[in-house]
Amino acid sequence: MDVKELIKELSLLDGPSGYEAEVLKVIEKKIEPFVDKVWYNKVGTLVAEKKGFGKGKLGIFAHADEVGHVITKIEEGLFARLEMIGGVDPKIMFAQRVRIHTKNGVAKGVVGVLPPHLQKEEHRNKVPNFDKIFVDLSCSELGKYVSVGDICVVDMKPVELNGKLCGKAMDDRAGCASLILAAQLLQTLRNYQDVYFVFSGQEEVAGPGAVSIAYELKLDRAIVVDVTHGDVKVPQFVQIKVGEGPAICVGPSIDREFQSKLSEIAQKHNVKTQIEPAPGRSGTDTDEIQLTGSGIRTALVSIPLMYMHTPVEVVDPKDVEETARLLALATTVE
Amino acid sequence: MYLKELTELDGVSGNEQQVRDFINQRIKDKVDDLRVDVLGNLIAYKKGTKGRRKIVLAAHMDEVGFMVTNIEEDGTLAFSPVGGVETQVMPGKVVRINGKTIGVIGYKAIHIQDKESLLKPLSVEQLRIYIGAKSKEEASKQVKIGDYVAFTTAFDQENGRVTGKAFDDRAGCSVLMDLIEKNDRYEDDLYFAFVVQEEVGLRGSAVVVEQIHPDIVIVIEGTTAGDDPELPEYQWATHLGDGPAVTFMHRGYVVNKKIYEAILNVAVKYSIPHQAKRRTAGGTDAARFARTGAGTAAGVVSVPSRYIHSPVSMIDLNDYNNAVLLLQKILEEGEAFAR
C-alpha cells in the first residue's frame with residue numbers, strides 16, 4: 001500500500017465529528033483483507049478484529065472524525081452562517097472554499113471577506129468570531145438546498161511539500177492510515193495479543209466514540225494514535241520534530257509500565273521515536289479510555305503535525321510508517 | 001472568454017510574464033500591430049476605418065500577491081505583500097513560489113495560542129511560508145529572496161457564477177481579448193493596452209499615453225462589490241448580477257463627465273443592464289491616464305467582483321457578458337461616442 005496515496009485519500013474524505021460514516025466505509029474496505037472480522041458498535045465506531053496466538057486484548061485507537069462546521073442560518077441572497085464542530089481558529093476561515101453536504105448532494109461555497117478597499121479600522125483591529133463569518137452559496141447549483149444542520153468542511157486537496165503531505169484532517173487520518181498499515185504488517189508479523197483496530201468518531205468534541213468501544217471490548221490495554229504539535233515552539237516544552245518519528249507520551253493519563261515497554265520495543269527494533277511530556281490531560285481519547293470500566297492500561301503515540309486544526313495540516317509520511325511499525329511490533333509481545 | 005486560463009496564471013505585479021505571453025499568443029494574429037514596451041505593457045493596435053481618433057482600452061495583467069523577503073534558518077520563508085492583501089486572507093492557504101514551488105501559509109494551532117493572541121488580528125510578521133524544507137540551506141535550493149508568490153486557486157464555474165483568483169483584473173484582460181476576437185473594424189483607431197503594475201500604484205499605465213497620445217481611454221476593471229450580509233445595503237459598492245459598473249469617481253480622479261455620460265447613454269440606448277459604482281474607494285489606471293502627459297479623458301467600466309484581493313473572488317457571468325457587450329456597442333458607436 002502506498003502510504004502517501006493512502007493518507008491523501010483519507011484526507012480528502014469529509015467526516016466532521018458525528019458524520020464519519022463515509023470515512024469509516026473507506027477504512028473498512030481497506031482494512032478488511034488484513035483482519036478476521038470488521039463490525040460497528042451502537043455509536044458507529046468501526047472495529048477491525050484480529051485474533052492473536054497468545055492472550056490479552058489490545059485496542060489500537062485512531063479517530064476518524066475531523067474538525068468542521070455546521071450550517072446554523074440561511075440568509076437572504078444565498079448566504080449561510082456556520083458554527084464550528086471542534087476547535088477551529090476563525091482567523092483561518094476567510095476566502096476558503098467549503099463543501100456543504102446537503103440532502104441533494106455536495107454544494108460549494110466560499111467564505112466571504114471584505115476587500116481591503118471597503119475595510120475600516122473596526123474590521124482590521126478585531127478578529128471576527130463565527131457570528132461574523134458567512135458563506136456565499138451563489139456559486140453552487142445546489143446552494144438553494146443548503147439548510148440548517150448541514151455539515152460543512154473546508155475544501156482542500158492535499159499537496160506534497162518536499163515529501164511531506166499537507167491537507168485537511170491529517171488529524172487524525174494520518175493516525176487511521178498508520179492503523180491500516182499496521183494491520184497490513186500483521187500479515188507477516190504474528191500478533192500475540194488479540195488486536196482490535198478501533199476507528200472512532202467524535203474525538204474532536206470529546207464524544208462517545210472511543211470510550212464506548214473500550215468499555216464494550218473489556219480491553220486490557222489500549223494504544224491511542226493521535227497527532228501532536230510538531231516543529232513549533234511551545235514554551236517550557238521540548239520541541240517535537242516532524243520527520244523524527246512518532247512521539248511517545250508520558251504523563252498521568254498514560255500507564256508508566258506499558259509506556260516504557262513500548263519505548264523498549266521501539267529501541268530494540270530501531271523505530272525512531274520522541275518523548276512527549278503531558279503533565280495533565282493529554283487532550284486525546286487516552287484521557288477517558290484510561291478511566292473506562294475498571295480501568296485500562298493506556299499508551300499514547302502521536303504523529304507530529306504542523307498547523308493543527310487548519311486546512312493545511314502537515315505530516316511526514318515517514319512518521320506514519322514508523323508509527324505503523326511500532327504498533328505492529330507492540331502486538332507481538334505479551 | 002479566457003477567465004479560466006487567465007486566472008490560473010501567476011502574474012503578481014512586476015512579474016506579469018506568464019499572463020503577457022498567454023495574451024500575446026492568443027491575439028497576435030488578430031491585430032494589426034503588437035508591441036511590448038519598456039515596462040512590459042502589451043499594446044495591441046487595430047486600425048480604424050476612419051482613424052481620426054485614438055481610443056485606448058486598458059486592463060491590467062497584474063494581481064496582488066507576495067514576495068519572498070527572507071529565508072529563515074528553519075527553512076521557512078518570510079514574505080511581504082505585493083499590492084493590497086489583507087492579512088486575514090493569508091493563513092491556511094496554498095501558494096506557488098516563482099511559478100513552481102508549492103508552499104503553505106500556516107499558523108500556530110488554536111490549542112497553543114494564548115488567549116490574547118487568539119483574539120488579536122494577525123500581522124504578516126507572524127506568518128511564514130512553509131515549503132517542507134528543514135533548513136535555510138535546503139530551502140535555498142528551491143527559492144530565492146525576491147521570488148514572487150501567488151495564490152493557487154483553481155477556477156470554477158457553476159450556477160452562472162465563476163470563482164477563482166485575480167478577477168481583478170484578469171476579468172478586464174478577458175473582456176479585451178473577447179473584443180479582439182470579434183475581429184470587427186470600427187471607425188476609431190483602437191489600442192488594447194494590457195498593462196503591468198496597477199496594484200502597486202498604477203505604474204505600468206504611466207508610460208502608455210506618451211506612446212499613443214489617445215483621445216479617449218476606457219479602463220476595464222474587476223471592481224469591489226461588498227454586497228454581502230456583513231455590510232448594510234447602503235455600503236455596497238456594486239451588486240453582482242445588476243450589470244457592469246460605471247464609475248463616476250474614485251480615488252484621485254473624477255471621471256470625465258462627457259465620457260461617463262456617453263458610456264451610460266450607450267448602455268441605455270441598447271438596454272444593457274448596468275449600475276453605477278456607488279462608492280469612491282479604490283482607484284484604477286484611469287486616474288493615471290487622466291493625469292499623464294497633457295492629460296486624457298478616461299472612463300471606467302467594471303465587472304463587479306466579490307472578495308477581490310483574496311484567493312477566491314467571484315463574478316457573475318451575466319455581468320461579464322454585458323461588460324463585453326457594452327464595450328462592443330461603445331466601439332460600434334464610432335465617432336458618435338463621446339462627441
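# Exercises: a barrel, salt bridges and a domain contact

In chain A, six strands close into a barrel with antiparallel pairing, in the order E4-E5-E8-E7-E6-E9. On average, neighbouring strands of this sheet are turned by 45° against each other, direction ignored. Please keep in mind that this is a predicted model. Have the structure open and try each task before reading on.

## Exercise 1: One pair of strands

Task: Find out how many bridges join strand E4 to strand E5 in chain A, and which residue stands opposite Lys73(A).

Solution.
- Step 1. Locate strand E4 at residues 68-75 and strand E5 at residues 79-85 of chain A.
- Step 2. Follow their directions: the two strands run antiparallel, and seven bridges join them.
- Step 3. Go to Lys73(A); across from this residue, in E5(A), stands Arg81(A).

## Exercise 2: The partners of Asp14(A)

Task: Work out which parts of chain A are tied together by the salt bridges of Asp14(A) with Arg99(A) and with Lys168(A).

Solution.
- Step 1. Begin with Arg99(A), whose salt bridge to Asp14(A) has its closest N and O atoms 2.8 Å apart. Arg99(A) belongs to strand E6 (residues 97-102), while Asp14(A) sits in the loop between helix H1 (3-12) and helix H2 (21-31), so this pair links parts of chain A that are 85 residues apart in sequence.
- Step 2. Compare how accessible the two are. Residues under 20% relative accessible area count as buried. Asp14(A), at 4%, is therefore buried, whereas Arg99(A), at 28%, is partly exposed.
- Step 3. Turn to the other partner: the side chains of Lys168(A) and Asp14(A) meet at 3.2 Å, N to O. Lys168(A) lies in the loop between strand E11 (164-167) and helix H4 (170-185), and Asp14(A) in the loop between H1 and H2, so the pair ties together parts of chain A that are 154 residues apart in sequence. Both Lys168(A) and Asp14(A) are buried.

## Exercise 3: A salt bridge between chains

Task: Say where the two residues of the salt bridge between Arg124(A) and Glu86(B) lie, and whether each is buried or partly exposed.

Solution.
- Step 1. Check the distance: the closest N and O atoms of Arg124(A) and Glu86(B) are 2.9 Å apart.
- Step 2. Place the residues. The pair crosses between chains, with Arg124(A) in helix H3 (residues 121-124) of chain A and Glu86(B) in the loop between strand E5 (77-82) and strand E6 (93-97) of chain B.
- Step 3. Read the accessibility: Arg124(A) is partly exposed at 30%, and Glu86(B) is buried at 12%.
- Step 4. Return to chain A for the wider picture: salt bridges with shared partners join Asp14(A), Glu66(A), Arg99(A), Lys168(A) and Arg173(A) into one network. Over all chains, the structure holds 46 salt bridges.

## Exercise 4: Two domains of chain B

Task: Describe the contact between domain 1 and domain 2 of chain B, from its residues to its buried area.

Solution.
- Step 1. Mark the domains: domain 1 covers 3-63 + 165-336, and domain 2 covers 65-151. Their C-alpha centres lie 32 Å apart.
- Step 2. Count the residues in contact: 14 come from domain 1 and 14 from domain 2.
- Step 3. Look up the area: the two domains bury about 1100 Å² between them, with 62% of it on carbon and sulfur atoms.
- Step 4. Find the main contributors in domain 1. Asp10(B), Val12(B) and Pro311(B) lose the most area to domain 2, together 44% of what that side buries.
- Step 5. Look for charged pairs: one salt bridge is found across this interface. Asp10(B) also takes part in a salt bridge with Arg96(B), at 2.8 Å from N to O.

Notes
Residues numbered from 1 in each chain as written. Chains lettered and ligands numbered in written order. Predicted model: local features only at pLDDT ≥ 70, side-chain atom pairs only at ≥ 80, totals over all residues. Heavy atoms only, no water. Pairing = 2+ DSSP bridges. Helix = DSSP H or I, 4+ residues; strand = E, 2+ residues; numbered from the N terminus. Axes fitted to C-alpha atoms, helices over the stretch in contact; angles between N-to-C directions. Salt bridge = Lys/Arg side-chain N within 4 Å of Asp/Glu carboxyl O. Buried < 20%, exposed > 50% of the residue type's maximum accessible area, 1.4 Å probe, protein only. Domains from an automatic or database assignment. Contact = heavy atoms within 4.5 Å. Buried area = accessible area lost by both parts, 1.4 Å probe.
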